[in-house]
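Here are my notes on the model you sent round. I went through it point by point, so have the structure open while you read.

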Amino acid sequence: MRLLLLGTEGCHLCEDAQSIITACMNEISPDCSIEKIDIAEQTQWQPDYAIKIPVLLEPVSGRELSWPFDHDQVTYFLLIFKTASP
């Protein structure tokens, strides 16, 4: 499973989000990978996400989890895709 974390450099909320996501991934889905996308450098993401970051995005389904989120919400988000994977 591959996820995207949309955020930007120097965003303390994005750092908090990454900590929560990393902890959940280690518990639930250690085979999952996360790619950080800095929307300040990737302008195609700005129209949809500039005021919503941080956002955890599953790119295949387009399903997203926008901030604020907590450990339980990220765990649920990960479990949805873990159980859907073959």
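1. A quick word on terms first: a residue is called buried when its relative accessible area is under 20%, exposed when it is over 50%, and partly exposed in between. Take Cys11 as the test case: its relative accessibility is 15%, so Cys11 counts as buried. Keep in mind throughout that this is a predicted model.

2. Now the overall layout. The protein has 3 helices and 4 strands. Reading from the N terminus, the order is β-α-β-α-β-β-α. Of the contacts between residues at least 6 apart in sequence, 60% join residues at least 24 apart.

3. Does the size look compact or extended? For 86 residues, a compact globule would have a radius of gyration near 12 Å, and the protein agrees because its own value is 12 Å. The C-alpha trace spans about 35 × 25 × 20 Å along the principal axes.

4. On the surface and the interior: buried residues account for 36% of the 86 residues. The exposed area comes to about 5100 Å², with carbon and sulfur atoms supplying 53% of it. As for charge, there are 5 positive and 13 negative ones, and their mean positions lie 6 Å apart.

5. You will probably want to know about the cysteines. How many disulfides does a search of the whole structure find? The search returns 0. Cys24 is accordingly in no disulfide, and the nearest cysteine sulfur, that of Cys32, is 11 Å away. For a bond, the two sulfur atoms would have to be within 2.5 Å. Cys24 has a relative accessibility of 0%, so Cys24 counts as buried too.

6. Cys14 deserves its own point. Cys14 sits in helix H1, which covers residues 12-28. With a relative accessible area of 8%, Cys14 is buried. Leaving out residues up to four places away in sequence, Cys14 touches Leu5, Gly7, Thr8, Ile53 and Pro54. Cys14 and Val55 are 41 residues apart along the chain, yet their C-alpha atoms are separated by 8.4 Å.

7. Two of the contacts just named, Ile53 and Pro54, bring us to the peptide bonds. As background, most peptide bonds are trans. Ile53 and Pro54, however, are joined by a cis peptide bond, with omega at about 0°. Pro54 is in the loop between helix H2 (46-49) and strand E3 (55-58).

8. There is a cis bond at Pro68 as well. Here the partner is Trp67, and omega is about 5°. Where is Pro68 found? Pro68 is in the loop between strand E4 (63-66) and helix H3 (71-84). Please check both cis sites, Ile53–Pro54 and Trp67–Pro68, on your own screen.

9. Last, Lys82. Lys82 is placed in helix H3. Is Lys82 buried or partly exposed? At 38% relative accessibility, Lys82 counts as partly exposed, since that value falls between the 20% and 50% limits. Not counting residues up to four places away in sequence, Lys82 touches Met1, Ile28 and Ser29. From Lys82 to Ile20 the separation is 62 residues in sequence and 17 Å in space, C-alpha to C-alpha.

Terms used. Residues numbered from 1 in each chain as written. Predicted model: local features only at pLDDT ≥ 70, side-chain atom pairs only at ≥ 80, totals over all residues. Heavy atoms only, no water. Helix = DSSP H or I, 4+ residues; strand = E, 2+ residues; numbered from the N terminus. Rg over C-alpha atoms; globule rule 2.2 N^0.38 Å. Buried < 20%, exposed > 50% of the residue type's maximum accessible area, 1.4 Å probe, protein only. Contact = heavy atoms within 4.5 Å. Areas by Shrake-Rupley, 256 points an atom, 1.4 Å probe, with all protein chains shown as cover. Lys, Arg positive; Asp, Glu negative; His and termini not counted. Charge placed at Lys NZ, Arg CZ, Asp CG, Glu CD.
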